[in-house]
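Colleague: Hi! Could you walk me through this model while I have it on screen?

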Amino acid sequence: MKLFEHEAKTVFSNYEISTPQGGLATSPKRAREIAAQINAPVAVKAQVLVAGRGKAGGILFAVSPREAELAAKKLLNTEIKGFKVQSILVEEKIHVQRELYLSIAVDRSNRCYVAIASSEGGVEIEEIAAATPEKIVKVFVDPLHGFRLHHARQVAKRLGYSGSRMENLATVLLKLYEVAMDYDAELAEINPLVETPEGKFVAVDTRLIIDDNALYRHSEFERRLTEEGEAELPPLELEARKSGLAYVKLEGNVGVIGNGAGLVMTTLDVIQLYGGSPANFLDIGGGASADVMAAALNLVFSDPRVKVVFINILGGITRCDEVARGILGAKGRVGFLKPVVVRLVGTNEEEGRRILTNAGIHVLDSMEEAAKRAVEIAKTGG
Amino acid sequence: MGVLVDKGIKAIVQGITGTQGSFHTKLLLDYGTQVVAGVTPRKGGTRVHGVPVYNAVKEAVKKHGANASIIFVPARFAADAALEAVEGGLKTIVIITEHIPVKDAIHVMARAKQHGATVIGPNTPGIITPGECKLGVMPAHVFKPGIVGIVSRSGTLTYEIAAGISAKRLGQSTCLGLGGDPVVGLSFVDVLKMFEVDEDTEAVALIGEIGGNLEELAAEFISREGYSKPVVAFVAGRTAPPGKRMGHAGAIIMGGAGTAQSKIDAFEAAGVGVAEKPSDVARLLAKRFEKEKYI
C-alpha cells in the first residue's frame, strides 16, 4: 500500500526526521490559511500516488497566501496522470544547498534490506543509476544484526560528509531504517533530502510503501484502505479488491479469467501473440466455486471494452468437474452476457467437458487454440 | 535420484490439522512420501490420517527422526512455524503458505542459512521427484519419472509445461517451485547447480516471470560457467504493465526493472533457448534430444 506524501511525512516526523512546516488542505481557503501561518514562500503539492508528479505539473510555488490560494484552486480542480487531486500539501519552501537521496528497500536476490544513498538526489533513483551509478552508495543489511549507527555513519562518510553533518545525516538514515522496519516497508524513501545552508537535513519529499501482506500489523492504514480504497486504483480494481480477486485492468478487449498467476500472465501473452489484446488479468486461484466464478464473470463483463471472455483453467488439485459446475452455476446466476471461450484440462477433464458440453458450452483443450478462437471473436464479433 | 528430496525423506506436516494440511497429508501419503508426524500447537496427541500429531517440532523430531517439513500454517504464524522447523534441526523446509510479510521471510531465510537448512518457498507448490517423493501440493499425475529438471516461479503454469514434457515422453527428474514471493529461499542459480550434478537430470526447463532479477542472474551464471546441460527458458508476463502486481507478490515491474524483455534478452545473450509459448518448452527439449539421437 502506497501512503500519501502527507501520511508518510507524519510517520517520519514522529521518528524525529525533520520535515517542512506545513499542513494538508482540501480547499483553496484552507491553503491560504496555512500559507498565512507559515508566513514565507510555500510549495503547494498535489497529493496523488503517481510517480513524476512534479514534471506533470503537480507542484506549484507561491510567495503569498493569495498565490497559495490560487495555486490550490488550480490543483484541486485537475487530474494528474488520470488521478483526481483531492487534497494538497502546503509547505514552507526549503533553502537548498544540496539535494540527497536516501532509501531503505528490499533487495530480493540478496534476501535482505538495503540502504541506498546518493549525493545526487532530487531525481528518481533509476535516473541517478543510469547517469551516475558511481554516485550511489549501497549497504546491505544483515538481517540478524540490523542496520546500526556505525553503518549509517559509513554511508554518510562515503557521501563525503564529516563532523557534525556526517553525524546528522547518519541519524536521519538510522531513523529511516527504524521507520522501514516498524512499518514493514517495501520502500521508505526520502528524495530529496535537502541539506540547508545551515547544515540541517530536511525530508522535502518522502515515499512510504507498506507490504500489503503486513497490513494486518498496521490497522490504521488497513482501515483507510478498506474504507476509502487506494486512490490510485481504477474502479474495477477497487471492486475486485473488495471481493478478494487478483485483478489488473488492461487496455484490450479480450477478458481473461484463469487459475494461477503464472498461467494467467501467460494467457495474456498468448492472446497478444495471436494478435489480440487482453482486457485484464484475473487470477481466481485454487478452487473455482460458483461464487468465485460468478464474481469473476461479473467483474469482467462489467468492463465495457470486453468483447469476449476467455476462461482458462488447468485443474490440478481442483477437479475439472468441480470447475465445470462452478462455471454452470455462475452462468445460471449472471448469464453469459458476452461470448465465452472455455479451455479446461487436468484432473477429471472428461467429466468436466461433458458437463459443459451438455449445457451447450463448447470446451477447448489447447490453450493456444482457445486463445486464437477468443482473439477471432474479439475481432469479428463471433 | 533427483535433487533435495528422495525416498529417504522423513517429513513432518506443520499445520496438519487444518483443511489444507489434512487434505494434502492424505495425498502425500498416497504418493508414498514418508509423513512421520504432524505438528499443530494445542492439538498434540491426536491423529490425522493415522499420522501422530505433536504440539511442537522438537517432539516430532525426537520421536521420529524427521529431517524435512512442509508448512501449511496461516500467513500470520507461518514464519514462526518455519523458524521452529529451522531451530528443530530440519534441513529441507517447504513453505506452501502465501501472503507471509517480506520482513518475516527475510528473517526466516537468514536463520535457515545460519543453520544450514534449505527453504523452498514461501508461496510455492513445493517439490516432486516423480515416482519417489513429493513434498508439495502439485497434482502428482501430471509428472512422470524422466530426465528434465524443472525449476519455476509459478504453480499451474508449471503443471501446464510439465504435462507437455510428460506427453513428449521426456518426463521429469525433479520439479521445484521457487515460490511466487519477492523473497524466497532458493534462486534459479541454486537449483541449476543442483541439477548440474544430478545424474538423472539431462536438461533443464526454467520457468520465470516478471519481477526481480533471478532470471538475469541465472542467464549470467549459465554463460559464465559454461553450464553443461541444455536449458530451455520460458518467461511469463510479456504483456504485464509496469507497477502492477500480477497475482504473485513478486511479479511486479518496479522502476522499469524486472520486465519480461530484460529476462528474455539475458537468456538469449547467454545462448539459452527461449520458448515463445508454453507448449514450445517441451517441443524445444524434444527436438534437442531427437537431434542427439541421430548424431
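Colleague: Is the crossing of helix 5 of chain A and helix 6 of chain A left-handed or right-handed?

Modeller: The crossing of these two helices of chain A is right-handed (the near helix is turned clockwise from the far one by less than a right angle; anticlockwise would be left-handed). Helices here are DSSP runs of H or I with at least four residues, strands are E runs of at least two, and both are numbered from the N terminus. Keep in mind that this is a predicted model, where local features need pLDDT of at least 70 and side-chain atom pairs 80 or more, while totals for chains, interfaces and linings use all residues. Residues count from 1 along each chain as written, with chains lettered from A and ligands numbered from 1 in written order.

Colleague: At what angle do the axes of helix 5 and helix 6 of chain A cross?

Modeller: Helix 5 (residues 149-158) and helix 6 (residues 163-182) of chain A cross at roughly 125°, and their axes come within 8 Å (lines fitted to C-alpha atoms over the stretch in contact, with N-to-C angles from 0 to 180 degrees). That is why helix 5 of chain A counts as oblique to helix 6 of chain A (under 35 degrees is roughly parallel, over 145 roughly antiparallel, 65 to 115 roughly perpendicular, the rest oblique).

Colleague: Which residues of helix 5 and helix 6 of chain A make the contact?

Modeller: On helix 5 of chain A they include A:Leu149, A:Ala152 and A:Val155, and on helix 6 of chain A they include A:Met166, A:Leu169 and A:Leu173. Contact means C-beta atoms, placed from the backbone, within 7 Å.

Colleague: Zooming out, how many helices and strands are in chain A?

Modeller: Chain A has 13 helices and 18 strands. Its C-alpha atoms fill a box of roughly 80 × 50 × 40 Å along the principal axes. Chain A is divided into domain 1 (21-92), domain 2 (98-221) and domain 3 (235-380), with bounds from an automatic or database assignment. The C-alpha centres of domain 1 and domain 2 of chain A are 26 Å apart.

Colleague: Where is A:Leu70 found?

Modeller: A:Leu70 sits in helix 3 (residues 65-76) of chain A. A:Leu70 counts as partly exposed because it has 17 C-beta neighbours inside 10 Å (20 or more is buried, 12 or fewer exposed). In chain A, 47% of the 382 residues are buried.

Colleague: Now chain B. In what order do strands 3 to 7 and their partners form the open sheet?

Modeller: The order is 3-4-2-1-5-6-7 in this seven-stranded open sheet of chain B, and the pairing is mixed (strands pair if DSSP finds at least two bridges between them). Strand 3 (47-48) and strand 7 (118-120) of chain B are the edges, each pairing on one side only. Strand 1 (residues 10-14) and strand 5 (residues 68-71) of chain B run parallel, joined by four bridges; B:Val13 has B:Ile70 as its bridge partner.

Colleague: And which other strands form an open sheet in chain B?

Modeller: Seven strands, in the order 9-8-11-10-12-13-14, form another mixed one. There, strand 12 (residues 203-209) and strand 13 (residues 231-236) of chain B run parallel, with six bridges.

Colleague: Last one: how many residues of chain A are in contact with chain B?

Modeller: 41 residues of chain A touch 48 residues of chain B. Helix 9 of chain A gives the most to chain A's side, with 11 residues.

Key: Contact = placed C-beta atoms within 7 Å.
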